[in-house]
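Let's take a look at how the helices in this one sit against each other, and at the pocket they leave. Have the model open as you read.

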Amino acid sequence: MQTFALILVILLLVAAASLVVIGLRQSSGRDPLAERLAEYAERGDVASLEEIELSQPFVERVIVPLAQSFGDFAIRFTPQNAIYETERKLEQADAPRWLNPTLFLASRFAFSLILGGTAVLLLGLAPTASLLSPMGLGLTGLLVVAGFLLPTSTVSSRIRARQKEVLNSMPDALDLLTICVEAGLGFDAAMAKVIEKWDNALSVAFSRVLQEVQLGKLRREALRDMSDRLGVPEIESFVAAVIQSEQLGVSMARVLRVQSDSMRVKRRQRAEENAQKAPVKMLLPMAFLIFPTIVIVLLGPAILSIMRTGIF
């Protein structure tokens with residue numbers, strides 16, 4: 001009976017988390033009833049609202065509206081500062097467009113419920129384990145915290161990987177920009193050449209800048225937005241130098257040449273820094289993994305021979 005109650009509680013928790021996530025994904029401001037009416041009007045079918053509603057699947061008639069109410073409730077109690085900060089991190093991580101900040105924040109609670117419920121279920125089914133024991137409570141709390149931090153750590157890891165990719169590709173991209181500008185191309189045409197040459201995070205960012213400029217946004221504003229989306233200090237200095245050269249009338253080729261040399265020096269310095277860190281990082285694996293193995297391989301046969309002779 002206790003096992004059945006635990007399984008029922010876990011199913012309810014998972015269902016509640018799923019409803020929250022579905023509701024947050026559906027909260028896009030659209031009216032499903034208006035969409036269905038337009039669909040029937042295009043087909044020329046004449047039907048009442050009741051018939052239209054009953055013709056829809058059970059998920060759209062019951063589950064989605066219920067999930068929508070959960071989503072609206074979660075949005076109402078989400079702080080605006082948290083939403084803004086999460087939106088900035090999702091932009092830096094180049095997250096999909098459907099992953100809005102509210103959905104991301106709700107996913108943290110959903111993962112906590114799922115992992116915590118899994119721990120409760122496993123402890124309830126285990127014959128020798130108890131949920132109220134210190135070990136059971138510690139395991140449940142650990143999984144709940146891990147589920148709450150899992151989406152954040154994933155996004156942070158994605159941000160670091162994207163920023164590293166941008167930093168590694170910046171010197172070569174700036175070299176190509178410099179060559180194109182010195183050859184007589186404009187800055188926008190030079191960015192188009194970078195987009196044509198490479199397919200990485202920096203070229204994607206340049207492509208978005210060009211699209212925004214073509215849609216009417218000022219180039220300096222598009223570059224500032226790119227700097228905010230990437231969150232890389234080197235990109236911020238590059239954007240500031242380009243904007244300043246436009247405002248003061250300084251030669252763009254000279255500015256790009258200086259920026260290119262600076263980026264290349266910084267990349268070499270980062271490589272040297274990582275090379276200096278390598279021996280320190282190798283110390284623990286060598287001390288606890290490599291050296292004991294060498295000792296066993298070298299002294300193992302000698303110890304066995306000494307034991308056979310009966311000295312010990």
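## Around Gln163

Skipping its neighbours within four places in sequence, Gln163 is in contact with Gln92, Leu230, Gly231 and Val232. Keep in mind that this is a predicted model. Gln163 itself belongs to helix H7. There's also a link across the sequence here: Gln163 and Ala201 are 38 residues apart along the chain, yet their C-alpha atoms are 8.4 Å apart in space.

## Helix pairs

Three helix pairs are set out here, with H7 (residues 134–182) taking part in the pairings with H8 and with H12.

| Pair | Axes | Angle | Crossing |
|---|---|---|---|
| H7 and H8 | within 9 Å | roughly 135° | right-handed |
| H7 and H12 | 8 Å apart | about 160° | left-handed |
| H9 and H10 | within 9 Å | roughly 145° | right-handed |

Start with H7 and H8 (residues 187–197), whose axes cross at roughly 135°. The two are therefore oblique to each other. On the H7 side the contact uses Ala173, Leu176, Leu177, Cys180 and Val181, and they meet Phe187, Ala190, Met191, Lys193, Val194 and Lys197 in H8. Sorted by class, the residues of this contact come out as nine nonpolar, no polar and two charged.

Now for H12 (residues 252–309), which packs on H7 at about 160°. That angle makes H7 roughly antiparallel to H12. From H7, the residues involved include Leu167, Met170, Pro171, Leu174, Leu177 and Val181, along with Asp172, Asp175 and Glu182. Their partners in H12 include Met252, Leu256 and Met263, plus Arg257, Arg264, Arg267 and Arg270. The class count for the contact of H7 with H12 is ten nonpolar, four polar and seven charged. Leu177 and Val181 turn up in the contact with H8 and also in the one with H12.

The remaining pair is H9 with H10 (residues 219–230), and their axes cross at roughly 145°. In H9, Ala205, Phe206, Arg208, Val209, Glu212 and Val213 do the touching, while H10 brings Arg219, Ala222, Leu223, Asp225, Met226, Arg229 and Leu230. Here the residues divide into eight nonpolar, no polar and five charged. Leu230 is a name you've already met: this H10 residue is one of the contacts of Gln163.

## The largest pocket

So which residues lie nearest the centre of the largest pocket? They are Glu91, Asp94, Ala95, Arg97 and Arg208, out of a lining of 15 residues. The space inside comes to about 460 Å³. Helix H5 (80–92) and helix H9 (201–214) each supply at least two residues of the lining. Arg208 does double duty, as it lies in the group nearest the pocket centre and also takes part in the contact of H9 with H10. As for the make-up of the lining, it has seven nonpolar, one polar and seven charged residues.

Note on methods:
Residues numbered from 1 in each chain as written. Predicted model: local features only at pLDDT ≥ 70, side-chain atom pairs only at ≥ 80, totals over all residues. Heavy atoms only, no water. 1 Å grid on protein atoms, 1.4 Å probe; cavity = no way out; pocket = protein on both sides within 12 Å on 5 of 7 lines; lining within 4 Å. Points joined across faces, edges and corners; volume = space filled by probe spheres on them. Helix = DSSP H or I, 4+ residues; strand = E, 2+ residues; numbered from the N terminus. Nonpolar A, V, L, I, M, F, W, Y, C, P; charged D, E, K, R; others polar. Axes fitted to C-alpha atoms, helices over the stretch in contact; angles between N-to-C directions. Left-handed = near helix turned anticlockwise from the far one by under 90°. Contact = heavy atoms within 4.5 Å. Parallel < 35°, antiparallel > 145°, perpendicular 65-115°, else oblique.
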